[in-house]
Amino acid sequence: MPLKMIRVDFSEAPRLLRFPLPVSELGIVTEENNRFCGFHRNQIEFCIRMSSSDEFAVDTVGENVFTNRFPHVFVKVDGKLHEYHYRGKREAFFFIYSSSLLPKFIEAGIDFNNICWKISLSSALMELIQDLIILFPKSQERGIADQVDVLCWKLLLELVLMREENREANDPQEAKIRRIASGIQIHYKEKWNLDELIRENGLSRRSFFRHWNRFYTKTPSQMVLDLKMKEAQHHLASGNLPIAEIADLLNFADSAYFISTFRKYFGITPLQFRKKWNPIPHSPLSGHSKSAE
């Protein structure tokens, strides 16, 4: 079967915005019995190898050999000799950036020490690929390159999330801790029982805190307090909700305890904070008497 490729160049396409990571090229390829030995000059390619009649893909990059089942993603970066040869039919989708953008990718958190990992062809992933393919015939129209830049960034995010899922599969304790922390972020205003959350996730209290400290510098209680204080700030600075109601909304035992906690956290009382950040006069019914502070 001959090489079948659609490659679209966006390097000169008109853009309306200055997206920091503009795509140079993208495309799809169907091929078999292909051999490559060379360097990826001046480019960073993210290649989504979707399927193949071969069981494995074998790539040699410098002195390292990578063997992967399909589907997977392979990142091709300028610098080291890359060799591969396969006989079976292979289908792939790729998007390419200029190698000059490497520092920006690294700054954004893309790990180029890990250049291949397994993926799943999820509906979200395939929808993004289809949305990009639909834009191929319009590549040089104004604004299309901007859409491509954003869609490829979303596609890259989807791939990175899959890599993280693979990592978490090898560390099930992290998944439990992240799940508990996510629950805290949602339910921090409610009455919650940490011991119940720990038991629900099959952890002992001792093992929970050992693993929690691997990923978070603050305790669960400190995390909850931070969230409550941020919300208190928001209500005090942007509205005239009575202080007693803010205390009740954040599930404090009473307004006196809320005021004491707020003063300890910020160094000023809620009323002082409100006067500083929201100087618009409030009616007597909207505030809290000075004596209560």
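R206 and N213 are exposed (over 50% relative accessible area, 1.4 Å probe, protein chains only) on one side of helix α6. The model is predicted, with local features needing pLDDT of at least 70 and side-chain atom pairs counting only at pLDDT 80 or more, while totals for chains, interfaces and linings use all residues. Residues are numbered from 1 along each chain as its sequence is written, and side-chain values use heavy atoms, without hydrogens and water.

On the other side of α6 from R206 and N213 lie S207, F208, H211 and W212, which are buried, that is, under 20% relative accessible area. These four share one side of α6 because they cover an arc of only 130 degrees around the axis, taken from the directions from the helix axis to the C-beta atoms. An α-helix has 3.6 residues a turn, so residues three or four places apart point the same way. The cover over the buried residues of α6 includes α4, α5 (194-200) and α7 (220-238).

Helix α4 (residues 172-187) packs against α6 (residues 205-215) at an angle of about 80 degrees, with the axes 10 Å apart; axes are lines fitted to C-alpha atoms over the stretch in contact, and angles run from 0 to 180 degrees between N-to-C directions. The two helices are therefore roughly perpendicular, a term for angles of 65 to 115 degrees. In the contact (heavy atoms within 4.5 Å), Q173, E174, I177, R178, I180, A181 and I184 of α4 meet F208, H211, W212, R214 and F215 of α6. Seven of the contact residues are nonpolar, two polar and three charged.

How values were computed
Angles under 35 degrees count as roughly parallel, over 145 as roughly antiparallel, 65 to 115 as roughly perpendicular and the rest as oblique. Ala, Val, Leu, Ile, Met, Phe, Trp, Tyr, Cys and Pro count as nonpolar, Asp, Glu, Lys and Arg as charged, and the others, Gly among them, as polar.
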